[in-house]
Amino acid sequence: MMSRVFGGHRSNPSDALRIEYLPGARPPIRTLPGIGEEKVIRTIACPGCDTHYAVYGASAFCPVCGPRPATDTVLERIEAGRRALALEDHLPADERDAARAAGVFDRFAADTVKNIVGPFEVFVRQQFNRRAANPAAAVKGKRGIFQRLDATTQLFTDYCSIDPPATVGPAVWQRLHEDFAAGTCSPTATESSTPSSSPSSPRAACTKASGSSSSGQDADRGLDDVETVVRKLAALP
Ligand SMILES: [Zn+2]
């Protein structure tokens, strides 16, 4: 049978089937890719239940007892904002100039203040709930009341006998007003909202003293103001 398939006979011995193996170049030895898991940035010790847990970024919740104290959350957001703003000073000069020309840092600065408003509102509400005799009744039907600083002042004065501007310093409270109203610390917004600013006032000092843009410096100052307010309100009895 095999002879029928392959032919009955070979007239020439050189027709014989020949298999040859020539080893080629060895493939390069490849290293395994690194583990793609994000590094744990830090661990948090929950003051409520003493659980220690690792986080990769912002964390508003403890895995055991739920929402973390708003004070911690807002202070962490402030720190995160500062780190974002500091990027400008850490880039190589040519990359920094290109990013600055593209408006990247102005965007950072504007977002920094905007991003802090939400956590700050939660913080203020928590402070109010802790101190007012009947907080639910006081804010009934007033949605988003803690987004407005003048209304917040009124609530704390009426129900907690606390005067926020006096507690944190009138200048700080006023700047906070302007920053939150503008959503950014741009000099234009500042000038239009405080026409009476004297050149010596902190708000008007929008000069470019270091590598950071003026919008970045204003956002930094905005974060400082928010932190002052948070720490002073939280420290009240
Ligand atoms: Zn906890």
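Before looking at helix packing I fixed my terms: an axis is a line fitted to C-alpha atoms, for helices over the stretch in contact, and an angle runs from 0 to 180 degrees between N-to-C directions.

**Entry 1: ground rules**

I am working on a predicted model, where local features need pLDDT of at least 70, side-chain atom pairs count only at pLDDT 80 or more, and totals for chains, interfaces and linings use all residues. Residues are numbered from 1 along each chain as its sequence is written.

**Entry 2: overall layout**

I took helices (H or I, at least four residues) and strands (E, at least two) as DSSP runs, numbered from the N terminus. The chain has ten helices and four strands. Going along the sequence I read α-β-β-β-β-α-α-α-α-α-α-α-α-α.

For burial I use C-beta atoms placed from the backbone: 20 or more others within 10 Å of a residue's own is buried, 12 or fewer is exposed, and in between is partly exposed. On that count 22% of the 237 residues are buried. A contact means two C-beta atoms, placed from the backbone, within 7 Å. Of the contacts with a separation of 6 or more, 58% are between residues 24 or more positions apart.

**Entry 3: the hairpin**

Strands pair if DSSP finds at least two bridges between them. S1 (residues 42-45) and S2 (residues 52-55) run antiparallel, joined by four bridges. I noted two pairings: isoleucine 44 has tyrosine 53 as its bridge partner, and alanine 45 stands opposite histidine 52.

The two strands make a hairpin with six residues between them. Aspartate 50 sits in that loop. Its phi is positive, about 65°, although it is not a glycine. Aspartate 50 counts as exposed because it has 10 C-beta neighbours inside 10 Å.

**Entry 4: the nonpolar core**

A nonpolar core here is a set of buried Ala, Val, Leu, Ile, Met, Phe, Trp, Tyr and Cys residues joined through C-beta atoms within 7 Å. Which residues touch the most other members of the largest one? They are Leu176 and Val226, out of 28 residues. H2 (70-90), H4 (104-131), H6 (149-160), H8 (170-182) and H10 (214-235) each supply at least two residues of this core. H4 gives the largest share, ten residues.

I then checked leucine 176 by itself. Leaving aside neighbours within four places in sequence, leucine 176 contacts Leu149, Asp225, Val226 and Val229.

**Entry 5: H10 and its cover**

I checked the length of H10 first. The expected span is 1.5 Å times one less than the number of residues. For the 22 residues of H10 that gives 32 Å, and the end C-alpha atoms are 31 Å apart, so the two agree.

The buried residues of H10 include Ser215, Gly216, Ala219, Leu223, Val226, Val230 and Leu233. An α-helix has 3.6 residues a turn, so residues three or four places apart point the same way. The cover over the buried residues of H10 includes H2, H4, H7 (164-168) and H8.

**Entry 6: H4 against H10**

H4 and H10 pack at an angle of about 10°, with their axes 9 Å apart. That makes H4 roughly parallel to H10; the classes are under 35 degrees roughly parallel, over 145 roughly antiparallel, 65 to 115 roughly perpendicular, and the rest oblique.

On the H4 side of the interface I listed residues including Phe105, Ala109, Val113, Ile116, Phe120 and Phe123. They meet an H10 set that includes Ala219, Gly222, Val226, Val230 and Ala234.

Arginine 125 is also in H4. It is partly exposed, because 18 other C-beta atoms lie within 10 Å. Its C-alpha atom is separated by 9.8 Å from that of glycine 144, 19 residues apart along the chain.

**Entry 7: odds and ends**

Is H3 (residues 93-101) covered or bare? It is hardly covered, since the count of buried residues among its nine is zero. Just after H3, glycine 103 takes a positive phi of about 80°.

Serine 161, in the loop between H6 and H7, has a positive phi of about 55° although it is not a glycine. Serine 161 counts as exposed because it has 9 C-beta neighbours inside 10 Å.

Last, I looked at arginine 83 in H2. With 10 other C-beta atoms within 10 Å, arginine 83 is exposed. Arginine 83 and aspartate 220 are 137 residues apart in sequence but 10.0 Å apart in space, C-alpha to C-alpha.
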